[in-house]
Amino acid sequence: MKILYFTDTHIRGNSPRSRKDDFPSTIRRKMEEIIELASNHQVDYVLHGGDVFDHPNLSPAVVGDFASLFRGFGVPVYAIAGNHDVYAHNPITLPRTMLGLLDAFGTLQLVHEGNRIKLEKDGIVVQLSGQPFHYDLDKRDITLDYAVKNEMEAHFCIHMVHSMLVDRPLPDSVAHTLISQLWELDSDVDVVLTGHYHAGFPVQHREGRYVLNPGAIARVNNHLSEMRRTPQVVLITLTDCVDVTVIPLTSARSGEEILDRSHIEKARYQEERWAEFTRQVDAALELKTLNVDTIIETIAENDEIQESVRLDALRRISRAKEMREGEGA
């Protein structure tokens, strides 16, 4: 049995601010390549790890266009809902979303919490389950979201989760689960497939069990890590064991070609100028001979300084002047 897995396509009808290219056309080319890969490798099933869409209420024209691509796989497509697929990150709104519509029309089949779906090919039976996004993912007992028992005497159990499962610790303010925690679970899952964490991580495996996140198909932000990352898919071959092949997409152009960091660099430059300016002002305020009125007039007349920066500078200097005058009273 062969299964192709990919995640986080973030399909939308326009281009994010971070992109130089036509984002919808780029995602379409990637989808076309994934369909070709599925055909060339003669896969039996296709799995999607969530965030199929970037918004739950895309226009029917966009949804219809990509629905035809999903039908182009020619084999069953199973998916779980990501946080972007539902309204206000609320999973109970799924029936009112465009992803819910694709499920209703049979374009793909959604795997809901608690579902156990049987996949069969050449005598091999796979139990497929999934945990769509919900508010408490990576916050509650991880057994509830990551541990699944083999309920159909399947040869393999595959579990999809749209969660912040990572291979290294994140800041405490970010709810996440470490892969190392999964190895200790009382679970029958042979392959955990996850998304949400766009960077992905190298193939993780221990004693025949696998944890896979090839990274997002879409690159919707312009972080430096995204500049270097190549979108990819995973081919899973099941015989008497699990074999995993990671396949980079050749249609994915380099980050330098398609990601725009100009406004980030501009903002960083403005922050550096502001930091230097405030340092000089703070130093000048310590001088007894300072002519504050002259500084205020210079700042107020300087058209090259951003308005918000200029107003903040005037506010700071005025406050300092009041304090100095108060001390001299």
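**Strand order and helix packing around β1**

Four bridges tie β1 to β13, and these two strands run antiparallel. This is a predicted model, and β1 is a handy place to start reading it. Within the β1–β13 pairing, Ile-3 sits opposite Ile-236 of β13. On to the next neighbour: β1 is also joined to strand β2 (residues 45-48) by four bridges, this time with the strands running parallel. Here Leu-4 has Val-46 of β2 as its bridge partner. Strand β1 itself covers residues 2-6, and four of its five residues are buried, so the strand is largely enclosed by the rest of the structure.

Zooming out, these pairings belong to an open sheet of six strands, ordered β4-β3-β2-β1-β13-β14, and the pairing in it is mixed. The edges are taken by β4 (109-110) and β14 (242-248), each of which pairs on one side only. As general background, the strands of a sheet pair through backbone hydrogen bonds, and they can do so parallel or antiparallel. At the β14 end, seven bridges join that strand to β13 (residues 232-238), and the two run antiparallel. One of the matched positions is Gln-232, whose bridge partner in β14 is Pro-248.

The parallel link between β1 and β2 comes with a helix attached. Together, β1, helix α1 (residues 23-40) and β2 form a β-α-β unit, and it is right-handed. Helix α1 in turn has helix α2 (residues 60-71) for company: the two axes come within 10 Å and cross at roughly 15°. With the cut-off for roughly parallel set at angles under 35 degrees, α1 and α2 therefore count as roughly parallel to each other. The crossing of α1 past α2 is left-handed. On the α1 side, the contact is made by Pro-24, Ile-27, Arg-28, Met-31, Glu-32 and Ile-35, while α2 supplies Asp-65, Phe-66, Ser-68, Leu-69 and Phe-70.

As for the chain overall, the tally is 10 helices and 14 strands. The protein chain has 329 residues, of which 49% count as buried. Taking the contacts between residues at least 6 apart in sequence, 68% join residues at least 24 apart. The β1–β13 pairing gives a concrete picture of such sequence separation, with Ile-3 standing opposite Ile-236.

Key
Residues numbered from 1 in each chain as written. Predicted model: local features only at pLDDT ≥ 70, side-chain atom pairs only at ≥ 80, totals over all residues. Heavy atoms only, no water. Pairing = 2+ DSSP bridges. Buried < 20%, exposed > 50% of the residue type's maximum accessible area, 1.4 Å probe, protein only. Right-handed = clockwise from strand over helix to strand, strands pointing away. Axes fitted to C-alpha atoms, helices over the stretch in contact; angles between N-to-C directions. Parallel < 35°, antiparallel > 145°, perpendicular 65-115°, else oblique. Left-handed = near helix turned anticlockwise from the far one by under 90°. Contact = heavy atoms within 4.5 Å.
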